[in-house]
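Biologist: Thanks for sitting down with me. Could you load the model so that we can walk through a few details together?

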Amino acid sequence: MHGPSMTIDTLCSSSLVALHTAVRSIRDGECEQAIVAGVRVALSPLHYVAMKNLRALSPSGASRPFDSGADGFVPGEGVVTVVVKPLRAAQRDGDRIRGVIRGSAVNHGGRTSGLTVPSSAAQQDVIRAALGDAEVSAESIGLVEAHGTGTSLGDPIEVEGLTRAWRGVTDKSQFCAIGSLKGNVGHLEPAAGLAGLVKVLLAMEHETVPPSLHVVRPNDHIKFEETPFYLADRAVEWPRNGTPRRAAVSAFGMGGVNAHVIVEEPPTPPRRGAPAQDSYVVRVSAADETALRTLADAYADRFDTARDAWETADLCHTANTARSPMEFQTAVHGSTAAELAAALRSVAAGNVPVARVDIDLTVEATAAPRPADTVELVRAGYAHTDWASLSAGGARVTDLPTYPFTRASYWRTTDPAVLPGPGRPTGGEGGAAVRNEWRPRELAPALPAGPATVRLVAADLEIGRALTTVLRDRGVTVVEPGQQADTTIVVDAPGGRPSHDGEGAQLHPFWVELAELMKSLPAHGKLLWAGFHGVAVHPDERGGLSPVRAAMAMAVRAAGAENRKPTAVVQLDPADPAEAQALCLAAEYAALSTGPTAGDDAGTTVAAYLRGVRHVPEQASVPAPASPPYTPQASGYYLVTGGLGAVGLRLAQRLIDRGAARVGIIGRSVVDPQSSAPLRELGRRAEVEYLACDVSDPVALAAVAGQFGRRWGRLAGVVHSSGGVNPFGAMHRRAWSDAEKVLAPKVPGSLNVVRLAKGQGADFAVLVSSIAGTQASAGRGLVDYSLANAYQLALAERENDAVTTVTAHAWPNWTGIGMKADASFSAAYSVSAEHALDAFFDHLRSGGAVIFPGSAPDTPPKAVELSEPAPSVAPVEPSVRPAARTGQDVAGMRARVRDAFVQVLGEDPEDRPLQSLGLDSLVIAELTTALEQRSQLTVDPSLLMRARTADEIARDLAAHEPTTDPDHMHRDDPDLPHPVSVTTSALSALLRPLLVHDGQRGVGQA
């Protein structure tokens, strides 16, 4: 496509002006055909405010074109696209012709009494010009699709202009219908003209004039009986009366640009003799295997309706030549529509192989390949097939089911659970607190999803047998573990009442199992995980809660979100019989199979069953009231773990501000108190002592507490802010030894701290946790961190009591300090440090899990100065140092490239073409930054546009990678050499500014 390309903005007449422009370009020889589109999507409330101020919007909430009660329009949203080409070319190419544009015109209204006031004279002129261009009689037009916005001023002016224009060529009255689509779908503003065009084309096709809605009594200022028009307030037949059906479409833009188009129904196609073909081939192509099989099923339904051989030939021609080839393909052949439909259903059922296209595969061409040979090549991945040559001579494009797009949302919204409500601060404050509360909610009825396979992994044989029986009774194929399936269902062992000792030992095998499971899921795979004792639906059940199982459930959700796999986590009632548990899981499986549900968390859903009733967690309507005010005691001491981190240090400072006279600080590092500026500053305001200690070691923690106790007496309270985080990356490639370093301070460390506080009768123990422990979207790329924080939140629920209040705070990003999730999540879920500190003490003794959802910051956070204290969650060093780089370390570079894609896109592209990922300039900027961080090279952004696959990116970067000493390989090493520059291009110069934010290299923003 090399002809003119332009964006036209004449407000409400934009798309019809674009159509007029396209027609002129074709007539003038600038192009052979044109794509004309109109788009109206509401992305900002500001437009509605402006339209309200102009008094253009309907206060009653309905567009009433030509009605006496017309009081303005209602905005609509939509996208309309048409292809325009010369009639002869369309007939030659066998296109499906929907209508013929006979004439068009555009003008401007000149000066009027106001911006929104139309000119009747100008509208009259543009209508006359269009009729002249079309060279047709006004009396041959049976329908006028008016601009008709439904305003008391605009509607009479429009009818007046139409009447004056037509009265110059006819004296007949009320022979032509007039209406407006805006009463049906609202005002699509720039797309309104094309929407009206589509309406009249469909009316011609169905031989019926459709009614305009909301007409009760015609506008008193319009005397239709004196005009050529009658108001289309009901459906009426539309006869031809000796001429082709014709219609006129108007669009008038605020500001004065008017457009008018005359359109005619398509000519009747010539009759064709019997097709000279006795066998047909149908190609099915899609972006993934799931979509392909769904499309094949839709094709089969359409072939079932084919009435004759020519319709069958047209359907095959359309499927083969009028649908875009995609990454996955297959084909079938047959001699009749019935045979093709049966073969397509075999594709849908999974009985026919599907191949990934390999453009490098070639085969020697033959003069007339047999259909069976063509099908065999397509199923082997061959891409170079001359599909047009397989069509019957004279075949035409016809109606065929369109592409079954994935029912997944990529819209950036705030989770409904954390929308601001009454009394909640907005903007950058985000200090309001909520709790999870489990409330009954039944599953919506789910329709059968068609042929499906399930891989069942059940630790309990009785549940496994019961669930297998239920699924097979419902037509689902259950396969053995290790086999490929659409959905994997994992059922954990019920076990007895969970033990409080040694439960963390379950996490290692769980991590390995989950990593293998995520790697084994197919591209379209879904996961249903069922467990026990992972939630406390009612408060009186908290004693039986297993923090480890709660953490496992959260890790499953985070891993599902990270890998973009629809995931459901279900907690079963261990008291229910196996048959009842199987029915619950079968219902959850059916719901998961139907696609995403409203309010899910990054494609993951959660439910719990208790005594046969299904419950789901809710936050938005469950505010957490502040705890009673607490004043630090003059006697005893307060313990802060991780107290030299960015968050821990601020909490220690605020404790002292509130009156704490003695504070013990512990951390893993050995620190000289005399050389530590933060410790010296704290020591000027209170008695402060720092001791090195690993909180995951209960003996070492008890020894340190004993040392503090001998000096200061009673332990009054504990703030546990120790923690670490691994680099952002996919969990199935993260070794357990690395994940364990994140878990150590938060799983055994939290348990040890809580036991210490309760054993010494402290007033409180607060666990500084993260929202990553409650929201799957925050745990993408940080599954181990999500698991660790979920453990803390459940531990607080279980251990809280009347003597020692145990509270876990689930924080979002503290703006400018501390650990945060990926940039896109933190952009919508943050809290300022000052508000966080106030909220921390408001909920010091709230008890249980308290969640601070946060909100979008008012201003972008500034980078932390180099003098800032170290973050409370310092990066965890890898368990194994990377091997020395060589210029040909392609495998190592491929792993880093893969990690970069997982960080930015949430998934590994594997060997898919990068072009299919929809990379725009902002995503390329983010990927470039991620690649530079991992490769220590200056990456040319245009590389991501040149390369076909991620492997090509890795090979290119590996070729520029210098050989360095392995002792300088760690990313935090201050002696790391400066990044080596890869040759850049002009395109790189254009994209490079997207990588710079606040003077520092960071995530690409615009």
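Biologist: Which residue has its backbone oxygen 3.0 Å from a polar atom of the side chain of Ser-13?

Modeller: Bear in mind that this is a predicted model. Ser-13 sits in the segment before α1 (14-27). Beyond its neighbours within four places in sequence, Ser-13 is in contact with Ala-251, Phe-252, Gly-253 and Val-257. The backbone oxygen that lies 3.0 Å from a polar atom of the Ser-13 side chain belongs to Val-257.

Biologist: Nice! Is Ser-13 buried or exposed?

Modeller: The cut-off for buried is a relative accessible area under 20%. Ser-13 has a value of 0%, so the residue counts as buried.

Biologist: Let's turn to a sheet. In the open sheet β11-β12-β13, which strands stand at the edges?

Modeller: The sheet has 3 strands in that order, with antiparallel pairing. Each edge strand has a single partner, so one side of it is left without a neighbour in the sheet; these strands are β11 (280-286) and β13 (355-356).

Biologist: And what is the bridge partner of Gln-329 in β13?

Modeller: Strand β12 (residues 328-334) runs antiparallel to β13, and 2 bridges join them. For Gln-329, the partner in β13 is Ala-355.

Biologist: Which helix lies across β11, β12 and β13?

Modeller: Look for residues 371-379, running at about 165° to β12. The helix lying across those strands is α11.

Biologist: Finally, what share of the residues of the protein chain counts as buried?

Modeller: The chain comes to 28 helices and 36 strands. Of its 1006 residues, the share that counts as buried is 51%.

How values were computed
Residues are numbered from 1 along each chain as its sequence is written. This is a predicted model: local features need pLDDT of at least 70, side-chain atom pairs count only at pLDDT 80 or more; totals for chains, interfaces and linings use all residues. Side-chain values use heavy atoms; hydrogens and water are left out. Helices (H or I, at least four residues) and strands (E, at least two) are DSSP runs, numbered from the N terminus. Buried means under 20% relative accessible area, exposed over 50%, partly exposed in between (1.4 Å probe, protein chains only). A polar contact is a pair of N or O atoms within 3.5 Å; within protein, one must be able to donate a hydrogen and the other to accept it, and residues adjacent in sequence count only if both atoms are side-chain atoms. Contact means heavy atoms within 4.5 Å. Two strands pair if DSSP finds at least two bridges between them. Axes are lines fitted to C-alpha atoms, for helices over the stretch in contact, and angles run from 0 to 180 degrees between N-to-C directions.
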